[in-house]
Structure formats: structure tokens, C-alpha cells
Amino acid sequence: MSSPVAKIKHLLGHIILISAIKLFHPVTAEKAPQFHVYSRTIGNDRNDSIARFRAVLFIVGRCACTQSGIRPVFAGEDGLLAGWYGICNGKASSNNANLHMDQAINPEIIKRRRRRIGLVFAACLIALCSAAWGINRVVRPSVAASDVHIVEIRRGNISNTINASGVVIPTHEEVVASPIQTRIAKVLAKPGQHVAAGELLLELDDRAVRLAADNLQEQLAQQENHITSLTLELAQKNKQLVSNIELLELDLQAAKVKWERYQPLRVSGVVSGDNYLQAELSVKRAEIQLRQQRELIEDNRRATVTSIEGAKLQKNILQKQLEQEQHLLAQSQVRAPFAGMLTSLLAEEGSSVTIGQQVAKVSELSNFRIEASLSDFHARSLSVGQPVQVEQGGVILTGRVHMILPEIQNGTVKLLVELDQPHHSMLRDKLRVDVNIVTEKRTDTLVADSGPAFNGSGPQAVFVVKDGVARKTVLDIGSSDGKAVEILSGAKAGERLIVSDIKRYQDLDSIRISN
């Protein structure tokens, strides 16, 4: 098959040939059959350039001879050329010997010829312009308007946002962990069911906990007996010491009486010095013994009280251990901490669990918040209290940054978003949403819908559509909220842009837009 360019060249050749015939040898109405022969010849032999040339000579010769009153007498291919040669040199056959080539031409014929020449020239010019337009249509790349996304620049408001991925989580949820290393004895609930506060979910094997609690109770009883024994011992010692003090007080009184009686007798010389001194020493000895007994009572009391306090402290320790075991015993009966939905449950009876292992989780599914994750590249742009837009399925919810988690894992920073409508019907546990954190707002500026044609901010080459042609234009792109971009310069309101992906045309300056 021939290319479109070849077809156009073929058509131009026909037009030029026909115009040449009309220009130099106009054909009158009565000579139309000869011209028709040419057309038919061309139509039958369009792929043979020699036949086409000979047919043109034949038609031109016939037209010239007919207008000059000369009929060619030659036939065949050689005769055709000879006849044409003879006409051009003023020669003819014997039948036309009296013909003179330098005859005066009628002015009407000259005017008619000039008019025809002008018409032919205009027709040729139109044909050439049409050919150029057709070639331009064929050569210039084009794209259908339905295959690209064209948007119009308008004035409006835009927010500079940071995009993040988020997941909906309950505002209040609680994980129930195994308090002991044991196994699951009995399962009484199913995941996904609504539970009431305190409702029994499953039972853990608590035999080891019960045995430890019984052992602690026995130790507590022993400590109580020890405390009682120390108290009785203290009372008994105090009683004995008090009796000794009473006897020593009597001895002291007797020694004082004897020593006082010896004092006047010692003056008169009836009592010897030794006896007097012995009586005095007896009084002092009795006083010392009495003081020692009284101090012994106090020392014995302090010692016994210390022993009792130690026993009581040990009792308190055992009591706390017993309370802890009793608490573990109560936790072995796994119950719902509050009313909500049982979102997770280890429901295989007989399976082993370790200390701290999650066995159930209850969530309150009436209040939700968002846990958002984004690159730590934007960490410096984040702050508590920033406005947030959460989008899912065309529904947009507003909120604010509640907390920015300090830990960065694998180049990702996480933050919690408190919603203005935490009870919205769109919210579901573990639902993934798009989170846009607003860092800046701009009003009454040029904006356009966003698309793959834009890549970040700054100067960018974009195709601007005008009069069916998309021309590459450099635009200065500013803020973006994920749905629209701000155009700082390079375009004006009302102009249209191609925002779809047209990377295959990135090396071109213009593209024709076809309907």
C-alpha cells in the first residue's frame, strides 16, 4: 500500500498536468471528448509514467491542432511525437500546407485566456495550500482529546499538604494478657461478638496458682502464731522482772534502815568503821541491782517488740504475696474489661500461653482515631495541633494532630490524629485511609486539578491547549494538596492544561488535539 504522502504527490501531479494543459492549450466545449480521453488514459495507466507523458502529448497535440485547423496525420507512438514536433515548428502535412502560424488572435480570446490563467493559478495555489495542510496533518503528531485529561485553570483556595497513609484504630481498646504461664482450660466466647463489661471470655488453668496461695496462707498462720508467742514471752519476762524489782526494793529499804541506824552509833563509837562501811555498801549495791532490773525490763521489752515487729513485717509480706496470688487467681478467669467488641481471642482450648501473652482484646467501636505513617523526611514540618484531612471513598473528615510518636522505625514516623467526628459511620476498625496534613493555606490563587503531568513544585514543562494545539509551556508550580496544584506563573485563568501522563511527547514542542 502506498503511503499518504505518495498519494498526495500523485494527486498534485494530476492537478499540475491538467492545469498545464488548460493554461497553454485551452479546450473548448466541442473538444471535451479529446480531454476526456486524457483523463481515461491517466486513470488506466496511473502507475506508468511513460504512458502518462505520451498521453499528455497526445492530448495537447490534438487540442493545438484542432484550434489551429490542422489535423495530425500521424498515428502510433512515433507518429504522435512527430505530429507534436511538426505542430511546434509550424510544419504540417500536405493537407495543411496553406496554414499560417502567425495569425492575429481575437482580443476576446486573449481575455478569456488570461481569465483562465488566473483561475488556474488560483486553483493551483489552493491545491498547494491544501496539500501543505494535508501533509501537516499527516506528519504532525496528534492525540485524541478523549485520550488525555484536560483541565481548566481557575482561581480558588488551596492548602499545602503532606500526604500520609493511615489506618483507623479505636480510641479505646484494651489487651488482656495471660498473668501466668499455663494453658487454656475453657473458651466461653467467640471473636467478633459484642461483650458486656466483666463478661467471662475464657478460663486458664489455675491449679499452680491455687497451690501457691494455699502455701502462703499456711505461712501467714505460722507468722501469726510466732507473733502471739513473742507477745506472751514478753509479758512473762516483764512479770518476772517486776517481781525481782519488788524484792530488790525491799532489800534496798532494809539496807537503808540498817545504814541509818549505824550512823549515830558510829559517832558514839559503838559501831566499828567496817560495819558502818559494809552497811553503806549494802545500800549502794541494792540501788545498783534495782536499777539494773529496771533497765533489764526495758531492754527485754525492746528486744521482744523488735522480734514481734519483724514477725509482723514477714506476715505483711506473706499477705501481699497471698493477695498477688489471689489476683492471679482472679485473672485466670479472663473477663471483658469494658463493654465493646471482642476483636481478638485465643480460642484454642489446651494451648499453652506464656506470661504476658495476649489472649484477648476488646475494642470500643464507637470512637475512632487515625494512626498515620509517613517518611521521616517530613518530620521537621510536623507539629501537634496541625489541621488534618482524612479521606476515604469521597468522604472527607477533619481533625488535628494529637501526638507525634518520638520513635522513628525504618525511616517512618508515626502520629495519632484525633477526629472532629470520631463517631462517623464511615469509620471501621483497620480501615485504610488517605491522610493529608495541612502545613499552609493559600487563598484566591491560580489552581488546576492535579495529575501525572505535575511532579512536585518548581518550574515544569506542561502542554497548554489552545485552538486545537497543545504547546509546551513552562509553568512555576507551587503548593499542592494532592488534588490540585497552585500555578505561580506561566499561565492565566481560563487556559487549559493536559495533566495526564504524556511522556511519549516530552521531546515535542506541540501536539495536535483531535476530536
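Trainee: Over which residues does pLDDT stay under 50, and how many contacts beyond four places in sequence does the model have for them?
Mentor: First the idea: pLDDT is the predictor's confidence in each residue, from 0 to 100. Where it is low, the predicted coordinates should not be read in detail. Here, pLDDT stays under 50 over residues 22-54, and the model has 42 contacts (heavy atoms within 4.5 Å) beyond four places in sequence for them. Residues 60-102 also sit below 50, with 42 contacts beyond near neighbours in sequence.

Trainee: What is the mean pLDDT of the protein?
Mentor: It is 77, and 78% of the residues reach 70 or more. This is a predicted model, where local features need pLDDT of at least 70 and side-chain atom pairs count only at 80 or more, while totals for chains, interfaces and linings use all residues. Residues are numbered from 1 along each chain as its sequence is written, and side-chain values use heavy atoms, without hydrogens and water.

Trainee: On to sheets. In what order do strands 4, 6, 9 and 11 come?
Mentor: Strands of a sheet pair through backbone hydrogen bonds, either parallel or antiparallel. Strands are DSSP runs (E, at least two residues), numbered from the N terminus, and two pair if DSSP finds at least two bridges between them. This open sheet runs 4-11-9-6, with antiparallel pairing. Its edge strands, 4 (173-177) and 6 (194-195), each pair on one side only. Five bridges join strand 4 to strand 11 (residues 358-363), and Val176 stands opposite Ala360 there.

Trainee: Which residue stands opposite Arg183?
Mentor: Ser352, in strand 10. Strand 5 (residues 182-187) pairs with strand 10 over two bridges, antiparallel, within an open four-stranded sheet ordered 8-7-5-10.
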